[in-house]
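Open your viewer and get ready to click. This tour tells you what to select at each stop and what you will find there.

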Amino acid sequence: MSALLALGEPGFHPFQSCRQLAQRGADLGEHLDAYGTEDDGRLFRTAKGGPYSSSACSYVWQEARALVFTDEQVRSPLATRPYDLRHAALSLWLNAGVPATEVAKRAGHSVEVLHRVYATCMEGQQERMNGKISSALDG
């Protein structure tokens with residue numbers, strides 16, 4: 001989790017984070033091999049096999065934030081909800097230069113919705129974009 005949430009933090013290094021994410025993927029694979037999923041695909045379930053309540057999920061999420069974040073980050077709105085990771089991922093993809101059509105497709109959005117919701121994530125990119133335009137014009 002911390003690898004995803006560290007995006008934009010001082011000292012963030014994308015290749016290190018990719019290695020960390022790859023390890024988490026391997027960990028997830030081992031967990032799936034050992035415990036499997038429910039018939040409906042859920043990974044996490046109660047001792048009786050049912051879904052967790054939203055309040056239980058929220059409690060665990062807040063506990064996890066407290067474990068991996070600094071005190072300042074815990075007090076901030078950073079990844080207040082698990083769904084916030086989706087926003088972080090889509091913003092990362094857009095800032096990395098992935099075409100909006102591809103990001104929208106992966107997110108299940110139209111390009112119009114993607115631009116309306118995520119247009120602000122491109123702030124601070126003007127110099128980079130100007131460089132791309134100049135390069136294209138030069139040739």
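Contact means heavy atoms within 4.5 Å. With that in hand, look at the whole chain: of the contacts with a separation of 6 or more, 31% join residues 24 or more positions apart. Keep in mind that this is a predicted model.

**Stop 1: the whole protein**

Show the cartoon. You will find eight helices and zero strands. Read from the N terminus, the order is α-α-α-α-α-α-α-α. Now show the surface. The accessible surface is about 10100 Å². Carbon and sulfur atoms account for 58% of that surface. Of the 139 residues, 17% are buried.

**Stop 2: confidence**

Colour by pLDDT. The mean for the protein is 79, and 79% of the residues reach 70 or more. Which helix has the lowest mean pLDDT, and which the highest? Helix α1, residues 2-5, is lowest at 40. Helix α6, residues 100-107, is highest at 92. Select residues 1-17 next. Their pLDDT is below 50. In the model, this stretch has 21 contacts beyond near neighbours in sequence. Where pLDDT is low, do not read the predicted coordinates in detail.

**Stop 3: helix α6**

Select residues 100-107, helix α6. Which residues of α6 are buried? They are A100, V103, A104 and A107. These four cover an arc of only 100 degrees around the axis, so they sit on the same side of α6. The general rule helps here: an α-helix has 3.6 residues a turn, so residues three or four places apart point the same way.

Rotate to the face turned away from the buried side. There you meet the exposed residues T101, K105 and R106. Now ask what covers the buried residues of α6. The cover includes α5 (84-95) and α7 (111-118). Step just past the helix to G108: its phi is positive, near 75 degrees.

**Stop 4: the core**

Show side chains for L90, L94, A100, V103, A104, A107, L114 and Y118. These eight residues make up the largest nonpolar core. Helices α5, α6 and α7 each supply at least two of its residues. The largest share, four residues, comes from α6. In soluble globular proteins, nonpolar side chains tend to be buried together.

Zoom in on A100. Leaving aside residues up to four places away in sequence, A100 touches L94, V111, L114 and H115.

**Stop 5: D84 and A79**

Select D84, in helix α5. Is D84 buried or exposed? D84 has a relative accessible area of 17%, so D84 is buried, the cut-off being under 20%. Not counting residues up to four places away in sequence, D84 touches P77 and A79.

Move to A79. You are now in the loop between α4 (71-75) and α5. A79 counts as buried because its relative accessibility is 6%. Check its backbone too: phi of A79 is near 50 degrees, a positive value in a residue other than glycine.

**Stop 6: helix α8**

Finish with residues 126-138, helix α8. Use the distance tool on its end C-alpha atoms: they are 18 Å apart. Why does that agree with expectation? At 1.5 Å a residue, the 13 residues of α8 should span 18 Å, so the two values agree. Next, look for cover. Helix α8 is hardly covered, and its count of buried residues is zero. G139 follows α8, with a positive phi near 115 degrees.

How values were computed:
Residues are numbered from 1 along each chain as its sequence is written. This is a predicted model: local features need pLDDT of at least 70, side-chain atom pairs count only at pLDDT 80 or more; totals for chains, interfaces and linings use all residues. Side-chain values use heavy atoms; hydrogens and water are left out. pLDDT is the predictor's confidence in each residue, from 0 to 100. The expected span of a helix is 1.5 Å times one less than its number of residues. Buried means under 20% relative accessible area, exposed over 50%, partly exposed in between (1.4 Å probe, protein chains only). The arc is that of the directions from the helix axis to the C-beta atoms. A nonpolar core is a set of buried Ala, Val, Leu, Ile, Met, Phe, Trp, Tyr and Cys residues joined through side-chain atoms within 4.5 Å. Accessible areas come from the Shrake-Rupley method with a 1.4 Å probe; for residues, only the protein chains shown count as cover.
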